[in-house]
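Reader: Could you walk me through this structure? I'd like to begin with the fold and then turn to the charges.

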Amino acid sequence: MNFETQTRGQLERTLSQRVQALYRTQLGQQPSRVQCQIFDGKVIIILEDSITKTEQVLVASGQEDLAEQVREDLDKAFNPQLTELIQEVIGIEV
């Protein structure tokens, strides 16, 4: 089934599963919940409990600024892969 014949709900579910798999393969862990919503030409992705063990250790040792920098760097590193994944699932350029 391709994106042209899927409902919005099916696309959202597929996108959620693929994002969760991306985190699992790239970081060795996955968010506890990934929720995707598609509307008005926009995609919203909500990740719950996506903090890595490294970030948790940094926060626990009082290095919140470093943990935040790690998160920002991870987000930048994931952006191209996430963009490609969204394009594959939804079938439109991001």
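**Fold and charges**

Author: Going from the N terminus onward, the elements of the protein follow the order α-β-β-α-α, and I should say at the outset that this is a predicted model.

Reader: How many helices and strands does the protein have?

Author: The protein has 3 helices and 2 strands. One of the helices is α3, which covers residues 64-90 and contains Glu-68.

Reader: What box do the C-alpha atoms fill?

Author: Taken along the principal axes, the C-alpha atoms of the protein fill a box of roughly 50 × 25 × 20 Å.

Reader: And what share of the residues is buried?

Author: Of the 94 residues in the protein, 28% are buried. As for the accessible surface, it comes to about 6300 Å², and carbon and sulfur atoms account for 49% of that area.

Reader: Switching to charges, how far apart are the mean positions of the positive and negative ones?

Author: The protein has 9 positive and 15 negative charges, and their mean positions lie 7 Å apart.

Reader: Which residues gather in a patch of negative charge on the surface?

Author: That patch is formed by Glu-64, Asp-65, Glu-68, Glu-72 and Asp-73.

Reader: Back to Glu-68, then: why is it called partly exposed rather than buried or exposed?

Author: Its relative accessible area is 47%, and because buried means under 20% and exposed means over 50%, Glu-68 falls in between.

Reader: Last one: what portion of the contacts joins residues at least 24 apart?

Author: Among contacts between residues at least 6 apart in sequence, 42% join residues at least 24 apart.

Conventions: Residues are numbered from 1 along each chain as its sequence is written. This is a predicted model: local features need pLDDT of at least 70, side-chain atom pairs count only at pLDDT 80 or more; totals for chains, interfaces and linings use all residues. Side-chain values use heavy atoms; hydrogens and water are left out. Patches are made of residues with over 30% relative accessible area and no salt bridge: like charges are joined within 9 Å, nonpolar side chains (Val, Leu, Ile, Met, Phe, Trp, Tyr) within 5 Å. Accessible areas come from the Shrake-Rupley method with a 1.4 Å probe; for residues, only the protein chains shown count as cover. A salt bridge is a side-chain nitrogen of Lys or Arg within 4 Å of a carboxyl oxygen of Asp or Glu. Lys and Arg count as positive and Asp and Glu as negative; His and the chain ends are not counted. The place of a charge is taken as NZ of Lys, CZ of Arg, CG of Asp or CD of Glu. Helices (H or I, at least four residues) and strands (E, at least two) are DSSP runs, numbered from the N terminus. Buried means under 20% relative accessible area, exposed over 50%, partly exposed in between (1.4 Å probe, protein chains only). Contact means heavy atoms within 4.5 Å.
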